[in-house]
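Here's a quick briefing to read alongside the model. Have a look at the fold first, then work through the notes.

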Amino acid sequence: MTADPHRPSYHFLPPRNWMNDPNGLIYWGGEYHLFYQHNPNGAFWGDMHWGHAVSADLVRWRHMPIALAPTPGGPDKGGCFSGCAVENDGVPTLVYTGVSPEVQCVATSDDGMITWQKHPANPVIAAPEGLDVTGFRDPFVWRESGEWRMALGSGLRGVGGTVLLYRSPDLIRWEYRGPLCTGDARETGEMWECPNFFPLGDRHVLIVSPVPLRKALYFVGRYDGARFTPERQGVLDAGGHNYAPLSLVDAAGRRVIFGWLWEGRSDAASRAAGWAGVQSLPRVLTLGPDGDVWTEPLPELATLRGADRRYQNLTIPPEGVPLDVEGDALEIRAEIVPGDARVVGLRLLAAPDGVEETLLLYDRDAGTLTLDRERASLSPETWRDTHATDLPLAPDEPLSLRVFLDGSVVEVYANARRCLTTRVYPTRPDSRAIGLIARGGRATCTTLETWEMAPALPDAAGAP
Ligand code: DQQ
């Protein structure tokens, strides 16, 4: 993997093999712990374990031993599925789903989160209470009114995705309180995986990953202690690659979220690469003045910045402007005033002759930002579909982009509120160029700055 140009170096991923959902995010003992769904036996989904990593800043990580493995004959014999971590009277505790059937389990650590003991009472929640459900997994636990609360991902057959609410005095004895919120299967999917539920601004936010929608949705609404009533909804990351996100409150009180960025290539290509799955960069969620959930990269990511280039007041003619900067571990920050151009944006990971390129395009009239990977790779093993987000700009508001390129990850943040992430796999070693685009007129790039980004993992070069 040392020479694998598609392997990210400043996004979190395991030393090798498969990773999917982030699990058990917690700030404990002055450090952040990230667990994750992991198959230690190959670069494909299966035999779910919990991998583990630690960070002082949510940016740089070091790998820890595997935290959870299925116990033969136990309630998690078929896999340790997703869940969360909480501190219970000083004891770090994982609450997760064992399969099959889907049941909820608890494990604790008495050696500073290195080894984990599964609780003898497992499963602590064995079956849904007389409900005909399409799933029963992914506990998200928090403290409220002097007790524990759990939001559990589920779905009511023939109705829609739902989150079931439980409560407990001790994380072991759980009482079902009813559905926290239920959707309509035709619109928001038949089963809701990986719920997150938390206060944000003067509202509550519920995030779910609906089957079969293949994206994470957020709902903003009101919570009365038993039921959540959504008032608006949106897509957390419109790029089509961010799923099953998990959030925590960091030491500074911010709501920080990571999500699984799945691959955009064939399973055979992942197996051949020896790794699959990356975590998104850490993102800060806030409730925007428009009432939507706004997403920005964690400011501490700037500590990875190295050599920089800065350009000012570039006129972008219709044929575009190439820049004398290139690379695949970069942050790019650009402010573009569309002027009379209809479409403006960036050309990324482009070959000199343009046979491979990924385009980030803002359509001024439509108010949409699109990541176009139609020609990102000459490899037939890669996905080519295009994804877009709405991004209405105020009359004098420039397009303000932050783009993180990292191997096969293209992670885009726009105007401090929208986010879209994709995966691309250029085949040519010279598909590294960056340029500015204007179509239908002239635009101005008032500032463009790029930074080379330092690795965030000890094994970024692929070493064990
Ligand atoms: N991944 C886990 C499940 C969860 C799904 C299994 C979401 O617990 O529902 O690996 O990606």
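Trp45 puts an N or O atom of its side chain 3.0 Å from an oxygen atom of the ligand. Bear in mind that this is a predicted model. The rest of the ligand site comes next, then the way the two domains meet, then a few backbone oddities.

**Ligand site**

- There are 13 residues around the ligand, and Asp21, Gln37, Arg137, Asp138 and Glu193 come nearest.
- Asp21 has a polar side-chain atom sitting 2.8 Å from a nitrogen atom of the ligand.
- Glu193 goes for an oxygen atom of the ligand instead, with a polar side-chain atom 2.8 Å away.

**Domains and how they meet**

- The domain assignment splits the chain into domain 1 (17–300) and domain 2 (305–453).
- Their C-alpha centres are 32 Å apart, and the contact draws on 26 residues from domain 1 and 22 residues from domain 2.
- Interface size is often quoted as the accessible area lost when the parts come together. Here, domain 1 and domain 2 bury about 2100 Å² between them, with 53% of it on carbon and sulfur atoms.
- On the domain 1 side, Ala238, Gly264 and Pro297 give up the most area to domain 2, together 23% of what that side buries.

**Polar links and make-up of the interface**

- Two salt bridges are counted between domain 1 and domain 2.
- Glu263 pairs up with Arg423 in a salt bridge, and their closest N and O atoms are 3.0 Å apart.
- Between the domains, 15 residue pairs are in polar contact, counting pairs with both residues at pLDDT 80 or more.
- Helix H2 (267–273) and strand S22 (293–297) each bring at least two residues to the side of domain 1 that touches domain 2. S22 gives the most to that side, with five residues.
- By type, the domain 1 side that touches domain 2 comes out as twelve nonpolar, seven polar and seven charged residues.

**Backbone oddities**

- As background, most residues other than glycine have a negative phi, and most peptide bonds are trans.
- The peptide bond from Asn122 to Pro123 is cis, with omega near 0°. Pro123 sits in the loop between strand S8 (117–118) and strand S9 (133–144).
- Another cis peptide bond runs from Val211 to Pro212, with omega near 10°. You'll find Pro212 in the loop between strand S14 (203–211) and strand S15 (217–223).
- Asp89 isn't a glycine, yet has a positive phi of about 55°. Look for Asp89 in the loop between strand S5 (79–88) and strand S6 (91–99).

Conventions: Residues numbered from 1 in each chain as written. Predicted model: local features only at pLDDT ≥ 70, side-chain atom pairs only at ≥ 80, totals over all residues. Heavy atoms only, no water. Domains from an automatic or database assignment. Contact = heavy atoms within 4.5 Å. Buried area = accessible area lost by both parts, 1.4 Å probe. Salt bridge = Lys/Arg side-chain N within 4 Å of Asp/Glu carboxyl O. Polar contact = N/O pair within 3.5 Å; in protein donor to acceptor, adjacent residues only side chain to side chain. Helix = DSSP H or I, 4+ residues; strand = E, 2+ residues; numbered from the N terminus. Nonpolar A, V, L, I, M, F, W, Y, C, P; charged D, E, K, R; others polar. Near = heavy atom within 4 Å.
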